[in-house]
Amino acid sequence: MKRFLLAIAVSTFAFAGAALANVGDGLVGNTVTLTGPNGAVTKIYYPDASSIVVKGADGSEAQGTWHVTDNTICTKVGDAPENCTAPIDEAPAVGSSGTIEGEQGAVEWSVSEGKAF
């Protein structure tokens, strides 16, 4: 569970570096895939403008919420504290991807169309 929550925390920093009127518009109806340095994959589906479904590397699913404040994206799953991105200049959208460096190594992220799990 600790790794699952860590993946959620890391996911909120994946989009740093990108500014539109609503930086979350490209996420609605789409999935963000996170691949950790050990190859573990976590997926976050954004069915609408306020809820998320997270599929952990172990196959478990959890419900959560998200919102946009100014140009940051914030997520919350279960009892974990809310996590927010650094300010974003360019909204993530289908086809966008990148790498972020975390305490445990590089995490690859990408946005795919629809619910990808």
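Student: In which sense do E1 and E2 pair, and over how many bridges?
Tutor: This is a predicted model, where local features need pLDDT of at least 70, side-chain atom pairs count only at pLDDT 80 or more, and totals for chains, interfaces and linings use all residues. Residues are numbered from 1 along each chain as its sequence is written, and side-chain values use heavy atoms, with hydrogens and water left out. Strands are DSSP runs of at least two residues, numbered from the N terminus, and two of them pair if DSSP finds at least two bridges between them. E1 and E2 pair in the antiparallel sense, over six bridges.

Student: Which residue in E2 is the bridge partner of Thr33?
Tutor: E1 covers 30-35 and E2 covers 41-46. Thr33 bridges to Lys43.

Student: Which residue in the turn between E1 and E2 has a positive phi?
Tutor: The two strands form a hairpin with five residues between them. The phi is about 90°, and the residue is Gly39.

Student: How many bridges join E2 to E3?
Tutor: E2 and E3 form a hairpin too, with four residues between them. Tyr45 stands opposite Val53 in E3. The strands run antiparallel, and the bridges number three.

Student: Which strand gives the most to the largest nonpolar core?
Tutor: Such a core is a set of buried (under 20% relative accessible area, 1.4 Å probe, protein chains only) Ala, Val, Leu, Ile, Met, Phe, Trp, Tyr and Cys residues joined through side-chain atoms within 4.5 Å. This one has 18 residues, and Leu27, Tyr46 and Ile52 touch the most other members. Strands E1, E2, E3, E4, E5 and E8 each supply at least two residues. With three residues, the top contributor is E8.

Note on methods
Buried < 20%, exposed > 50% of the residue type's maximum accessible area, 1.4 Å probe, protein only.
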